[in-house]
Amino acid sequence: MTSGINRSLTLELVRVTEAAAVACAPLIGRGDEKAADQAAVNATRTELNKLDIDGKIVIGEGERDEAPMLYIGEKVGTGQGPKIDIALDPLEGTTLTAKGMPNALAVIALAEHNNLLNAPDTYMQKIAVGGGLPDGVVDLDASPQENIKELAKAKGVSPEHITVCVLDRPRHQDIMEGIRSAGAKVSLISDGDVAGIIHTTNPASGIDLYMGTGGAPEGVLAAAALACIGGQMQGRLVTDSDHQKERAAQMGVSDFDRKYTLDDMAKGDIILSMTGVTSGALVQGVSYEENAIITDSLVMRRSLGETPTSTTRWIRARHHMTDKFTQDGK
């Protein structure tokens with residue numbers, strides 16, 4: 001069966017995340033999270049609407065009444081093309097951008113219709129590891145101590161050699177205590193758990209495991225990345241209010257305690273693009289040269305056709321000031 005995602009969409013998607021990163025880059029370090037986020041959203045919507053797809057946002061910036069953000073259920077694209085589900089965070093790391101800190105990204109994933117988890121903008125419990133490990137080596141319902149013990153055993157090391165990435169939040173105090181009591185190390189990040197989860201796939205990062213609760217949009221985006229490059233992940237939506245449960249039910253969620261696997265969150269053919277806003281371990285941030293803007297992007301593509309492929313590309317682009325890209329402020 002032929003995929004509905006044409007390979008040419010890969011570079012088209014990179015243009016979208018490049019535009020978002022360039023649009024919000026002038027606001028790096030200026031302390032205005034909302035302005036930076038809105039700049040990224042505006043650029044993302046403009047570029048998405050140029051794509052020949054019948055696109056629908058299934059993981060976005062909020063509910064419909066929160067427009068002009070890219071809301072869940074919003075239709076994008078020209079409408080002339082395949083039905084595509086979209087998960088996005090036009091600016092993953094609004095606080096990082098506002099404070100001029102590392103690892104802010106513009107991130108978007110595409111999949112065929114019904115292949116990305118459709119859920120309300122809420123929190124998600126998450127656990128993730130990289131590839132090459134036994135299936136089920138970690139479990140969302142196990143304690144930090146149990147997960148570290150099993151992961152260390154699978155890797156053939158002692159728990160003292162395991163490092164766990166955790167968002168630095170008061171709600172994670174018990175998790176951090178459990179990690180340290182198991183003898184493992186904690187690596188705290190202030191924001192940006194998409195990058196934190198992807199780090200588990202790269203031995204050079206020093207991160208073996210990700211644990212904690214963060215945004216559901218970021219969870220689905222991270223799952224899309226792991227689906228392309230390998231790894232394991234589980235997640236559970238956190239629905240604290242009747243409104244969230246009502247919205248989730250409208251989106252087809254009937255079991256609010258369900259533990260989602262990687263394949264539940266992102267399946268089929270997938271394209272994911274991320275462009276650095278500020279520099280980090282994955283990609284460099286937007287920079288400037290005389291008469292040019294420099295962007296650095298990471299794009300992943302998984303195809304499950306007759307000959308399954310998985311490709312990761314790094315794209316460093318020099319956008320000349322004479323280009324329409326920079327003249328239009330995109």
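**A tour from the domain contact to Arg-169**

Between domain 1 and domain 2, four residue pairs are in polar contact, both residues being at pLDDT 80 or more; a polar contact is a pair of N or O atoms within 3.5 Å, where within protein one must be able to donate a hydrogen and the other to accept it, and residues adjacent in sequence count only if both atoms are side-chain atoms. The count of salt bridges between domain 1 and domain 2 is zero (a salt bridge is a side-chain nitrogen of Lys or Arg within 4 Å of a carboxyl oxygen of Asp or Glu).

The model is predicted: local features need pLDDT of at least 70, side-chain atom pairs count only at pLDDT 80 or more, and totals for chains, interfaces and linings use all residues. Residues are numbered from 1 along each chain as its sequence is written, and side-chain values use heavy atoms, with hydrogens and water left out.

Select residues 8-115 + 269-325 for domain 1, then 123-265 for domain 2; these bounds come from an automatic or database domain assignment. The centres of the two domains, taken over C-alpha atoms, are 23 Å apart. The contact (heavy atoms within 4.5 Å) takes 26 residues from domain 1 and 21 residues from domain 2.

Next, select Arg-169, in the loop between β6 (163-167) and α5 (173-181); helices (H or I, at least four residues) and strands (E, at least two) are DSSP runs, numbered from the N terminus. Leaving aside neighbours within four places in sequence, Arg-169 is in contact with Met-176, Ser-190 and Asp-191. Display the side chains of Arg-169 and Asp-191, which are joined by a polar contact of 2.9 Å.
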